[in-house]
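Student: Could you help me learn to read a protein model? I would like to go through it one feature at a time.
Tutor: Gladly! Here is the one we will talk about.

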Amino acid sequence: MRLPCPFCGDRDAQEFVYRGDASVTRPSHDSDFHEYVYLRGNPAGVITEHWYHAQGCRQWLVVTRDTRSHGISGAVFAKDREA
């Protein structure tokens, strides 16, 4: 699988470290923390994920990927997405 780094271009996925689903947000109440850590969905389709380009520009990316085909439709720097 190849990931499109906005700085380095298309790179092999082995250069990256996978963090997980980018749509999950930390809960504001401790009572919801168990669900946040342990209960996650496994959707089939297009999702956003966090990836760290460890062997490249060392930037966090938000990658849009289809879980059914592993097709990548884009990537942006995580710092640009949160702004």
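**Reading the model together**

Student: Where should I begin, and how much of the chain is buried?
Tutor: Start with the chain as a whole, keeping in mind that this is a predicted model. A residue counts as buried when its relative accessible area is under 20%. Of the 83 residues here, 28% are buried. The accessible surface comes to about 5800 Å², and carbon and sulfur atoms hold 47% of that area.

Student: Which secondary structure elements does the chain have, and in what order do they come?
Tutor: There are two helices and six strands. Going along the sequence, you meet them as β-β-β-α-β-β-β-α. The C-alpha atoms fill a box of roughly 40 × 25 × 20 Å along the principal axes.

Student: What share of the contacts joins residues at least 24 apart in sequence?
Tutor: For this, look at contacts between residues at least 6 apart in sequence: 44% of them join residues at least 24 apart.

Student: And how do I read the charges?
Tutor: Take the mean position of each kind of charge. The chain has 10 positive and 11 negative charges, and their mean positions are 5 Å apart.

Student: Which residues form a nonpolar patch on the surface?
Tutor: Phe33, Val37, Tyr38 and Leu39 do, and together they have about 410 Å² of accessible area. Let us pick out Val37, which sits in helix α1, residues 33-38.

Student: Why can Val37 be part of a surface patch?
Tutor: A patch residue needs over 30% relative accessible area. Val37 can meet that cut-off because its relative accessible area is 37%, which makes it partly exposed.

Student: What should I look for in the backbone angles?
Tutor: Begin with the general idea: most residues other than glycine have a negative phi. Now look at Arg58, which is not a glycine but has a positive phi of about 60°. His70 is not a glycine either, and its phi is positive too, at about 65°.

Student: Where are Arg58 and His70 found?
Tutor: Arg58 is in the loop between β4 (46-52) and β5 (60-66). His70 lies in the loop between β5 and β6 (72-77).

Student: Is Arg58 buried or exposed, and what about His70?
Tutor: Exposed means over 50% relative accessible area. Arg58 counts as exposed because its relative accessibility is 55%. His70 has a relative accessible area of 46%, so it is partly exposed.

Notes:
Residues numbered from 1 in each chain as written. Predicted model: local features only at pLDDT ≥ 70, side-chain atom pairs only at ≥ 80, totals over all residues. Heavy atoms only, no water. Helix = DSSP H or I, 4+ residues; strand = E, 2+ residues; numbered from the N terminus. Buried < 20%, exposed > 50% of the residue type's maximum accessible area, 1.4 Å probe, protein only. Contact = heavy atoms within 4.5 Å. Areas by Shrake-Rupley, 256 points an atom, 1.4 Å probe, with all protein chains shown as cover. Lys, Arg positive; Asp, Glu negative; His and termini not counted. Charge placed at Lys NZ, Arg CZ, Asp CG, Glu CD. Patch = residues over 30% accessible without salt bridge, like charges linked within 9 Å, V, L, I, M, F, W, Y side chains within 5 Å. Salt bridge = Lys/Arg side-chain N within 4 Å of Asp/Glu carboxyl O.
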